[in-house]
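Subject: Structure handover

Hello,

Here is the structure we spoke about. Please open it alongside this message; my notes follow below.

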Amino acid sequence: MFLKVQMPWNVIIPADSLDAKGLMLKKAIVIRLMDEFACKKATKDLGYFMAVTTLESIGEGRVRQNSGDVLFPVVFSGITFKMYRGEILQGVVHKILKHGVFLRCGPVQNIYLSHIKMPDYQYVPGENGIFMNDKHSKIDKDVIVRFIVIGTKWMEAEREFQALVSLEGDYLGPVS
Amino acid sequence: MMSGEEEENAAELKIGEEFLKAKCLMNCEVALILEHKYEQLQQMSDDPMNQVSQVFEKSLQYVKRFSRYKNPDAVRQVREYQLAEFELCVLGNLCPETVEEAIAMVPSIKTKGRAHDDDAIERMLNDLSLIKKFE
């Protein structure tokens, strides 16, 4: 689910950018904020960081003793993406193995759907293996699949989420 | 180890207090926002794709592909049916065609003693599909 959340942030402006005044300073803060936001990529609580939408407020700057840089506490609104356990989403298949398939959904690149969680689908080996059920519904590369999220895992080092999903439930599976 | 909150379950709208109040966005709304951002970047630089993160790029591709409405404001008017933000967005993204499918996509609309009988859900789905017809 995409979320619009309000977040506090500390933006540090280097001393040499500070001879600008007023609007230029605000622009410097916004640009730094957007850069840092993009670099951060994701957090465990809020999910993936997409874009800054509005700068709600800029607090008083505090000079940092050693560097002479100034720290501005800001509050801004931004868009994030987070997958919830129990949520139903659509994703795209990008890799098929005999024990399951890997999907992508938005910024999440690492979603696993195990064959155990694909009721009635069997692996059909071949040059390019696929999964198929007895009604000839196919799960192949680039197919859009509607799934339910069983669980998510935050990988601190990579700053990304992995997810486990399932097709157990009505109206889940490949979408034409 | 899987997600620490044992009780997190979107099917029952258990997604954490702060997210029940946070604004949820449909894919079509996010598409408008990210496209606008991308245009802003194009004006600022010759090579906007260089400026955007992987997260931004993948997400923009995704929401453009999975947008179902051109007019998200019209969809939000369906809020009179007293859905939680989360529920409205799931319906706006997946566009279930029948009451049965809608309940399968958003089980929480049928739980917790809420006043959503099948007729109300059907009227809501009709309103949503009318919006699409007039786009």
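Leaving aside neighbours within four places in sequence, which residues is A:Met1 in contact with? In chain A, the contacts are A:Thr80, A:Phe81, A:Lys82, A:Tyr84, A:Glu87 and A:Leu89. In chain B, they are B:Cys24, B:Leu25, B:Phe86, B:Cys89 and B:Val90. Keep in mind that this is a predicted model.

Nonpolar cores

A:Met1 also belongs to the largest nonpolar core, which has 52 residues. A:Met1, A:Trp9, A:Val74, A:Phe76 and B:Phe86 touch the most other members. Both chains supply elements to this core. From chain A, β1, α1, β3 and β5 each give two or more residues. From chain B, α5 (72–76), α6 (85–94), α7 (99–105) and α8 (118–133) do so. Another core lies apart from it, with 44 residues. Its members include A:Met50, A:Val143, B:Leu25 and B:Val52. B:Leu25 is thus in that other core, and B:Leu25 is also a contact of A:Met1.

Strand pairing

Next, β1 of chain A, residues 2–13. This strand runs antiparallel to β5(A), residues 70–81, and 12 bridges join the two. Within that pairing, A:Ile12 stands opposite A:Leu71. β1(A) also reaches across to chain B. Three bridges join it to β1(B), residues 23–25, again antiparallel. There, A:Leu3 has B:Cys24 as its bridge partner.

Chain A also holds an open sheet of three strands, in the order β9-β10-β11, with antiparallel pairing. Its edge strands are β9 (122–124) and β11 (138–139), each pairing on one side only. β9(A) pairs with β10(A), residues 130–132, over three bridges. One of the partnerships is A:Val124 with A:Ile130.

The largest pocket

How much space lies in the largest pocket? About 650 Å³. It is lined by 22 residues. Closest to its centre are A:Val30, A:Ile31, A:Met34, B:Leu41 and B:Met44. Three elements give two or more residues to the lining: α1 (23–40) and β3 (47–58) of chain A, and α2 (27–44) of chain B. α1(A) gives the most, with eight residues. By class, the lining has 13 nonpolar, five polar and four charged residues.

α1(A) and β3(A) are worth a second look: they contribute to the pocket lining and to the 52-residue core.

Best wishes

Technical notes:
Residues numbered from 1 in each chain as written. Chains lettered and ligands numbered in written order. Predicted model: local features only at pLDDT ≥ 70, side-chain atom pairs only at ≥ 80, totals over all residues. Heavy atoms only, no water. Pairing = 2+ DSSP bridges. Helix = DSSP H or I, 4+ residues; strand = E, 2+ residues; numbered from the N terminus. 1 Å grid on protein atoms, 1.4 Å probe; cavity = no way out; pocket = protein on both sides within 12 Å on 5 of 7 lines; lining within 4 Å. Points joined across faces, edges and corners; volume = space filled by probe spheres on them. Nonpolar A, V, L, I, M, F, W, Y, C, P; charged D, E, K, R; others polar. Core = buried A, V, L, I, M, F, W, Y, C linked by side-chain atoms within 4.5 Å. Buried < 20%, exposed > 50% of the residue type's maximum accessible area, 1.4 Å probe, protein only. Contact = heavy atoms within 4.5 Å.
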